[in-house]
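Colleague: I should like to study one part of this model in detail, with the whole kept in view. Please look at the sequence and the structure with me before we begin.

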Amino acid sequence: MRLSNKFSLTRIILAPVIFIIYNLPKWMNWESTSLPSVIAICAAIPILAFAELTDYFDGHYARKHNEVSDFGKMFDPFADVFLHLSMFTCFVFDGYMPVVCYVLIFYREFSQNFLRMVAAKSGTAIAARKGGKVKTVFYVATCFVVLIQELIIRTGLNTTLALNMDIFKYVGWGFAGVCVILAYSSFIDYIKNFGGLLKESM
């Protein structure tokens with residue numbers, strides 16, 4: 001396996017790891033402010049940061065080692081979606097992301113995946129476009145905004161500093177809303193550029 005694809009694979013492997021670490025305190029019925037809960041969220045944040053960094057590394061080394069391939073063009077965005085939908089699932093259960101936003105993002109990503117499959121069958125590999133990359137940046141930002149909120153709660157800083165977490169929650173919802181807007185804006189761009197392949201296939 002090429003080095004660039006190994007970085008993409010890393011995100012797929014780390015997605016369930018972060019999912020388990022984040023949710024383990026709930027599954028074990030630990031208090032939200034207990035030491036294991038704090039350790040879990042403190043571990044989840046840097047692991048996610050590393051996973052997100054691999055998105056840069058796979059593109060960097062693909063270009064540096066001339067490893068750009070049709071497989072990589074599809075595998076990279078798939079790894080991104082795999083990681084981010086895993087995180088968004090956590091956030092929905094904890095109320096950090098409105099269900100409607102999650103469902104709309106879910107629909108968009110699977111529709112995009114279907115478009116990529118149709119294009120691949122026609123011999124065209126759809127690489128990430130500028131709009132898709134901007135969307136991914138906001139996906140990443142949303143993940144860290146929510147994880148910081150969870151960190152504040154688990155460490156008890158919200159009580160110590162008398163913070164109104166509802167305000168933070170609405171900020172997170174705002175990020176989720178922007179994610180939806182960018183997701184569908186970029187999807188429209190993909191349809192405009194590759195929708196002809198769908199017509200040909202039908």
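What pattern does the chain follow when it is read along the sequence? After that, please look closely at Arg-11: which residues are linked with Arg-11 in a network of salt bridges?

Modeller: This is a predicted model, and everything I say should be read in that light. Read along the sequence, the chain follows the pattern α-α-α-α-α-α-α. In other words, the chain holds 7 helices and 0 strands.

A few overall values set the scene. The C-alpha trace spans about 60 × 35 × 25 Å along its principal axes. The radius of gyration is 18 Å, which agrees with the value near 17 Å for a compact globule of 202 residues. Of these 202 residues, 43% count as buried. If one takes the contacts between residues at least 6 apart in sequence, 81% of them join residues at least 24 apart. The chain exposes about 10,600 Å², and carbon and sulfur atoms supply 69% of that area.

We now come to the part you asked about. Arg-11 belongs to a network of salt bridges together with Asp-55, Asp-58, Asp-76 and Asp-80. Let us take two of its pairs in turn. In one, the side chains of Arg-11 and Asp-55 meet, with 3.6 Å from N to O. This pair joins distant parts of the chain, for Arg-11 lies in helix H1 (residues 3-27) and Asp-55 in helix H2 (residues 35-64), 44 residues apart. In the other, Arg-11 forms a salt bridge with Asp-80, and the closest N and O atoms are 2.9 Å apart. Here too distant parts of the chain are linked: Asp-80 is in helix H3 (residues 70-93), and it stands 69 residues apart from Arg-11 in helix H1.

Is Arg-11 buried or exposed? Arg-11 counts as buried because its relative accessibility is 0%, and the cut-off for that class is under 20%. Asp-80 is buried as well.

A neighbour of the network deserves a word. Thr-136, in helix H5, touches Asp-55, Asp-80 and His-84, when residues up to four places away in sequence are not counted. With a relative accessibility of 11%, Thr-136 is therefore also classed as buried.

It helps to set this network against the rest of the model, which holds 9 salt bridges. Another of them pairs Asp-189 with Arg-129, with 2.6 Å between the closest N and O atoms. Asp-189 lies in helix H7 and Arg-129 in the loop between helix H4 (99-121) and helix H5 (130-154), so this pair ties together parts that are 60 residues apart in sequence. In contrast to Arg-11, which is buried, Asp-189 is partly exposed at 24% relative accessible area, and Arg-129 is partly exposed at 29%.

What of the nonpolar side chains? In soluble globular proteins, such side chains tend to be buried together. In this model the largest nonpolar core has 30 residues, and those with the most contacts inside it are Phe-88, Phe-91, Met-97, Ile-105 and Leu-147. H1, H2, H3, H4, H5 and H7 each give two or more residues to this core, and H3 supplies the largest share, 8 residues. A second, separate core has 6 residues, among them Leu-115, Ala-119, Phe-194 and Leu-197. To return to the largest core, Leu-147 touches Tyr-22, Ile-41, Ile-45, Leu-48, Met-87 and Phe-91, again without counting residues up to four places away in sequence.

Some nonpolar side chains lie at the surface instead. Leu-157, Leu-161, Leu-163, Ile-167, Phe-168 and Val-171 make a nonpolar surface patch of about 490 Å². Helix H7 (residues 165-201) gives the most to this patch, with 3 residues. Val-171, which is in helix H7, is partly exposed at 42% relative accessible area.

Finally, two residues stand out by their backbone angles. Asn-29, in the loop between H1 and H2, has a positive phi of about 60 degrees although it is not a glycine. Asn-29 is exposed, at 68% relative accessible area. Ala-162, in the loop between helix H6 (157-160) and H7, likewise has a positive phi, near 55 degrees. Ala-162 counts as exposed because its relative accessibility is 67%, and the cut-off for that class is over 50%.

Note on methods. Residues numbered from 1 in each chain as written. Predicted model: local features only at pLDDT ≥ 70, side-chain atom pairs only at ≥ 80, totals over all residues. Heavy atoms only, no water. Patch = residues over 30% accessible without salt bridge, like charges linked within 9 Å, V, L, I, M, F, W, Y side chains within 5 Å. Areas by Shrake-Rupley, 256 points an atom, 1.4 Å probe, with all protein chains shown as cover. Salt bridge = Lys/Arg side-chain N within 4 Å of Asp/Glu carboxyl O. Helix = DSSP H or I, 4+ residues; strand = E, 2+ residues; numbered from the N terminus. Buried < 20%, exposed > 50% of the residue type's maximum accessible area, 1.4 Å probe, protein only. Rg over C-alpha atoms; globule rule 2.2 N^0.38 Å. Contact = heavy atoms within 4.5 Å. Core = buried A, V, L, I, M, F, W, Y, C linked by side-chain atoms within 4.5 Å.
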